[in-house]
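Q: I would like a close look at how the interior of this protein is packed, with the reasoning spelled out wherever a geometric assignment is made.

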Amino acid sequence: MNGTDQQGKKLSSVQQDNLLFEELRYVGTYDVATECELISFNQDNDGVTTAAGQDEILRCLDDGRVHWLSVRGLTDVKRINAIMEHLGVSYLWRQDILNGRHMAKVETVSDMVLVLMNRLNGGRDGTMGKEHIALLLLKNTVVSFQESHDDHFREIRAAILGRQSVAVRHSADYLLNLLMSCIVDNYMNVLDAHREQWMDIEEELIDFNGQEGFNSRIQRMRKDYLFIRRNIKPLQTQMQPLLMRQSDVLKPSNTPYFRDTNDHLMQVFQILDSLDGIIASVVDMYMATNDMRLNRIVGRLTVLSAVFIPLTFMAGIWGMNFRAMPELEWPYGYPVALLSMVAVAVSVLIYFKVKRWI
């Protein structure tokens, strides 16, 4: 590859990261069309309405009710940028929302809150995958951005549309907490399933007999664990702005709900830390089991060698062919030699058995 090709490849990478160009770009792997849905409600029980058209959505956002704008699919950057411009979102936050590789974080300003989280899911090949989720809170509006069309918040949506959720009687920051709690529950479910897999491996190691693929299975699960940890761990120090209400859009009455979500997140971190010990013990057990198998194999080979060493010695003596070896001329010399070898071999085996070496 020449220098021009290398420069072009680097430039393309920089463009993708939105570092040098004013034009926003979606950085991610999901190639799905952008769909928008606006759900509006208020605390006066006047009903729940929905909107999907761009103009209708922008018009409804200014009517004073509580709104949840769900944006699924981030490929239509122009449409998404128009919505964020209408809401007054800063350019740097727009970059973060469109960057599917961004780590989890929480940022606040006086009139907005941005929460970036990565929802975990199983990949097609059995490995772990993730989906970038951005939650934006304004005075009366919550905007959820996600890369796929999967309806991760279907239960919350159904409860609001059916007016069965207490969210319709609260402000927008309560809805933000519900969406965050839903993702935290996803972490809990993924970690519980992952922990069960490690416990199953630990039980299988008790009867491990050197089956093929066991090592690759452990390595894949360790890789999955590191992937999970990398996507969840940054949130451990990011919840304080929500708990300390470092934004005017966070209501004191909803602080206990954010604290409850934070408690669930702390449980996630406890499970994450406990997995460290489980994985270490499984790896140590696997190495010890392999060492024991190797020792047993070496022991069998040692017994076999110990049995044949005296037989080799006897065969070596009788194979020297000296003239003055009367047993060579004896008619019963051959059968006696064979019986002697068998007797020596059996004696060695009995001796090992008495010593409990075999």
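Which residues in the largest nonpolar core touch the most other members?

A: In this predicted model, the largest nonpolar core holds 60 residues, and those that touch the most other members are Val113, Ile160, Leu176, Met180, Tyr187 and Trp198. The element that gives the most to this core is helix H6, spanning residues 172-206, with 15 residues. Taking Trp198 from that group, and leaving aside residues up to four places away in sequence, one finds that Trp198 touches Ile218, Met221 and Arg222, as well as Leu275, Ile278, Ile279 and Val282. Separate from this core is a second one of 29 residues, which includes Leu38, Cys60, Leu114 and Val143.

Aromatic pairs add a further view of the packing, and a search of the whole structure finds four of them. In one of these, the ring centres of Trp68 and Phe153 are 6.3 Å apart and the ring planes stand at 65 degrees, so the pair is classed as edge-to-face, given that planes over 60 degrees apart count as such. Because Trp68 belongs to strand E3 (residues 66-72) while Phe153 sits in the loop between strand E7 (141-146) and helix H5 (154-161), the pair ties together parts that are 85 residues apart in sequence. Both partners are buried: Trp68 has a relative accessible area of 0%, and Phe153 has one of 2%.

Another pair involves helix H6 again, since Tyr174 lies in helix H6 and Tyr257 in helix H9 (residues 255-318), and this pair links parts of the chain 83 residues apart. The ring centres of Tyr174 and Tyr257 are 4.8 Å apart with planes at 90 degrees, so this pair, too, is edge-to-face. The two tyrosines fall into separate accessibility classes, for Tyr174 counts as buried at 8% relative accessibility, whereas Tyr257 counts as partly exposed at 33%.

Helix H3 (residues 77-87) shows how burial can be distributed around a helix, its buried residues being Val77, Ile80, Asn81, Ile83, Met84 and Leu87. These residues cover an arc of only 160 degrees around the axis, and therefore lie on the same side of H3. In general, an α-helix has 3.6 residues a turn, so residues three or four places apart point the same way. Just after H3, Gly88 adopts a positive phi of about 80 degrees.

Note on methods:
Residues numbered from 1 in each chain as written. Predicted model: local features only at pLDDT ≥ 70, side-chain atom pairs only at ≥ 80, totals over all residues. Heavy atoms only, no water. Core = buried A, V, L, I, M, F, W, Y, C linked by side-chain atoms within 4.5 Å. Buried < 20%, exposed > 50% of the residue type's maximum accessible area, 1.4 Å probe, protein only. Helix = DSSP H or I, 4+ residues; strand = E, 2+ residues; numbered from the N terminus. Contact = heavy atoms within 4.5 Å. Arc of directions from axis to C-beta. Phe/Tyr/Trp six-rings, centres within 6.5 Å; stacked < 30°, edge-to-face > 60°.
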